[in-house]
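These are my notebook entries on a single structure. I record what I looked up, topic by topic.

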Amino acid sequence: SGRGVRMPVAPAQAPDGLESGVDFPIVCEVCLGPNPYIRMIKQVNHKECKVSGRVFNSFRWRPGAEARYKETVISPEVARAKGVCQCCLMDMEFNLPVGVRDALMRDGANKEELPQSGVNQSYYYDQVAKQSREDVEAGYGKMSSDKLMKMARSSPYYDRNLPKLCSFWLKGACARVVEGSCPFRPCCGTFRFPELASQHQDMHKQLKEMLDKDGAIKVMRDKSAEVEAIKERLKESQRGSRDQNIRDRYHGTDQLTSKYIDKADKMDIEPPADKEVKTLYVGTMGAQVNDKDLRDKFYAYGEIATINFAPNSNAAFVTYTERSAAEEAIRKLHGNLVVNGVKLRVMWGKAARKYGQQTDGGGPG
């Protein structure tokens, strides 16, 4: 059956008559690939879950002609417990690392700490397995924040399905590339490197140009300092234990999650396009923070017009008379504001809404 792309990327639906997690894997559209017709191998009680150690029915398939074979690495109940893909462990609704989703949902208020070992973990996943799929997955698409929606991928990122890097090519010793039989990058003729594209764009461009011009064999044998530096960057991306990386991804403690969260933090301090916005949102406050406490922290950056509290949200809105003062305040205080022992979150507020003579900060941007 055909599978259209939605906004954001949607989880793949099990074909009619098949039960998700039993007859068909719980996977995202990216891992399943763009081809609506694929051959999938099911192996009953074949694998051990990388997170919980539970034995489960594993699935293996090839998402496309240029893609590598993919397989499920965690059990269906473990995937459902956090609403993630059994293959890539990305969130099924927003196609982001699950740690990023947990951090951004209502400022982390909905993050659930799952048991990570022992009897508690076994009991927890037993209960998840007994519940209906709808009950377990019900909440994951209903708690999004504006920032989460902005960061969500709007189209599938199929580069996650590329063939793996050839470790022998990186060492300059791949014999199969000479024979034309190596299935790995770049020996197979696929010259795309997402490992470099995000942080080392110059290296990525240089390597691609060399491969397009000279081919994989000649570049493999190139011992110049430039090529060796590029290969070393690629080697760094492959280091570490695969099983531990899977567990870190599931629990939100991996490097990719940290990069996304850093990106989200930068979105907090990026000034809105509307120059009339002079309001900062101050969140995660407690009852021990009052008007004077906030004025003592914010007055140093410019004249304050108003400070409005929203007790039900544990938040306040600090409005300056000048936009430049608000910009300076958020640069200095974002991530560094501590009042009475409480670390407060500072970000831009939305454009103010006027109700008669009263002005409301309008919520976080």
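Before turning to the hairpin, I note the criterion for pairing: two strands pair if DSSP finds at least two bridges between them. I also note that the model is predicted.

**Entry 1: the hairpin and the pairing of strand 6**

I looked first at the hairpin of strand 5 and strand 6, which has 4 residues between the strands. In this hairpin, Asn-314 takes a positive phi near 55 degrees. I then counted the bridges: strand 5 and strand 6 are antiparallel and pair over 6 bridges. Within that pairing, Ile-304 is the residue that stands opposite Tyr-320 of strand 6.

Which other strand did I find paired with strand 6? It is strand 4, residues 279-283, again in the antiparallel sense, over 4 bridges. Here I recorded Thr-279 opposite Thr-319 of strand 6.

**Entry 2: the faces of strand 6**

I next asked whether the residues of strand 6 are buried or exposed. Strand 6 spans residues 315-320, and 6 of its 6 residues are buried. As a reminder to myself, side chains in a regular strand alternate between the two faces of the sheet. I therefore listed the two sides of strand 6 separately, with buried taken as under 20% relative accessible area. On one side are Ala-315, Phe-317 and Thr-319, and on the other Ala-316, Val-318 and Tyr-320; all are buried, and both faces of the strand are covered.

**Entry 3: the surroundings of Tyr-301**

I located Tyr-301 in the loop that runs between helix 14 (291-298) and strand 5 (304-310). Its relative accessible area is 24%, so I entered Tyr-301 as partly exposed.

Which residues does Tyr-301 contact beyond its neighbours within four places in sequence? I found Tyr-320, Ala-325, Glu-328, Ala-329, Lys-332 and Leu-333. One of these contacts, Tyr-320, is the strand 6 residue that Ile-304 stands opposite. I also checked Tyr-301 against Glu-322: the two are 21 residues apart in sequence, with a C-alpha to C-alpha distance of 10.0 Å.

**Entry 4: salt bridges**

How many salt bridges does a search of the whole structure find? The search returned 20, and I examined several of them.

I began with Arg-101 and Asp-91, whose side chains meet in a salt bridge at 2.7 Å, N to O. Arg-101 lies in helix 3 (residues 98-104) and Asp-91 in the loop between helix 2 (76-82) and helix 3, so this pair ties together parts that are 10 residues apart in sequence. I recorded both Arg-101 and Asp-91 as buried.

My next pair was Asp-212 and Lys-208, a salt bridge whose closest N and O atoms are 3.2 Å apart. Both residues belong to helix 10 (residues 201-221); because they are 4 residues apart there, about one helical turn separates them. Asp-212 is partly exposed at 49% relative accessibility, and Lys-208 is partly exposed at 33%.

I then turned to helix 11 (residues 225-238), where Arg-233 and Glu-236 lie 3 residues apart, about one turn of the helix. Their side chains meet in a salt bridge at 3.6 Å, N to O. Arg-233 has a relative accessible area of 34% and is partly exposed; Glu-236, at 39% relative accessibility, is likewise partly exposed.

Finally, I looked for salt bridges that share partners, and found that they join Lys-82, Asp-91, Arg-101 and Asp-102 into one network.

Key:
Residues numbered from 1 in each chain as written. Predicted model: local features only at pLDDT ≥ 70, side-chain atom pairs only at ≥ 80, totals over all residues. Heavy atoms only, no water. Buried < 20%, exposed > 50% of the residue type's maximum accessible area, 1.4 Å probe, protein only. Contact = heavy atoms within 4.5 Å. Salt bridge = Lys/Arg side-chain N within 4 Å of Asp/Glu carboxyl O.
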